[in-house]
Amino acid sequence: MKKWLIAVLASLMFLSACSAGAVEPMSRYGDEVQDFEVTNQNDETFTREDMDGKVWLLSFIFTNCATVCPPMTQNMTQVTQELDEKGIENYGVMSFSVDPEVDTPEVLTEYAGWYDIPENTEWQFLTGYDYEFIRGFAEDNFKTIVAPPPKGSNQVTHGTAFYLIDADGTIIKDYSGVDSGDTKFPQAEVVSDVEKLVERETEE
């Protein structure tokens, strides 16, 4: 009886330790990112296959954005700085432009230069597609909108969330990418979740 009880308690402790190190997927996610082939800021092709084996954070931005994109990109930069300080390496960042006609590789390179991104961070600023692609890609994969500017404006409507994707390409969860009302950008949570997924991949 005593041996049985010890075995049960040991099993419970093991399961508790495993769940403590896990990142629970949000119910609206759990699918893999669909195939894509786009162009990064270095004018190089970047595809869905290039994501394999690495944890990713993803955002939607555009360089002419007058409101949310600068703080979003700064918040993401702060995440990369903290991960760099912790020595976390096997992850990357993807920022898809929602204004690909304007955001050429050269424009995206200039935009990236405005931020103090750690030298060893893989941050893919992506373009090389049309509006219909990015609208469908955002909606189908991440349940978020991309809408054209209203008449007389150059400001594209898009979501401000950051998305966490595991090393298998599965979308796990999202976070507020900016402070909004009572909702604050959860930098500590983002860093912790990336760290957990990277550690899990390393252990496997």
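Helices here are DSSP runs of at least four residues, numbered from the N terminus. Keep that in mind as you click around, and remember that this is a predicted model.

**Stop 1: Asp193**

Start by selecting residues 187-203. That stretch is helix H5, and Asp193 sits in it. Now pick out Asp193 by itself. Is Asp193 buried or exposed? Its relative accessibility is 5%, and anything under 20% is called buried, so Asp193 counts as buried.

What is Asp193 in contact with, once you ignore its neighbours within four places in sequence? Show the side chains of Val23, Leu164, Lys173 and Tyr175: these are the residues you're after. While you're here, try the distance tool on Asp193 and Ile172. From C-alpha to C-alpha they are 10.0 Å apart, though 21 residues separate them in sequence.

**Stop 2: where H2 meets H5**

Keep H5 on screen and add residues 69-86, which make up helix H2. Turn the view until you can see how the two pack: their axes are 10 Å apart and the angle is about 50°. Because of that angle, H2 counts as oblique to H5. As for handedness, H2 makes a right-handed crossing as it passes H5.

Next, zoom in on the residues that meet there. Which ones should you select?

- On the H2 side, take Gln78, Val79, Glu82, Leu83 and Lys86.
- On the H5 side, take Gln187, Val190, Val191, Val194 and Glu195.

Try colouring this set by class. The contact of H2 with H5 has five nonpolar residues, two polar ones and three charged ones.

**Stop 3: Asp43**

Now jump to Asp43. You'll find this residue in the loop that links strand E1 (37-40) to strand E2 (45-47). Look at the backbone here: phi of Asp43 is positive, near 60°, and this residue isn't a glycine. Is Asp43 buried or exposed? With a relative accessibility of 56%, Asp43 counts as exposed.

**Stop 4: Lys143**

For the last stop, select Lys143. This one is in the loop between helix H4 (131-142) and strand E6 (146-147). What is phi like at Lys143? The angle is positive, about 55°, although Lys143 is not a glycine. Switch on the surface to finish: Lys143 has 48% relative accessibility, so this residue counts as partly exposed.

Note on methods: Residues numbered from 1 in each chain as written. Predicted model: local features only at pLDDT ≥ 70, side-chain atom pairs only at ≥ 80, totals over all residues. Heavy atoms only, no water. Buried < 20%, exposed > 50% of the residue type's maximum accessible area, 1.4 Å probe, protein only. Contact = heavy atoms within 4.5 Å. Axes fitted to C-alpha atoms, helices over the stretch in contact; angles between N-to-C directions. Parallel < 35°, antiparallel > 145°, perpendicular 65-115°, else oblique. Left-handed = near helix turned anticlockwise from the far one by under 90°. Nonpolar A, V, L, I, M, F, W, Y, C, P; charged D, E, K, R; others polar.
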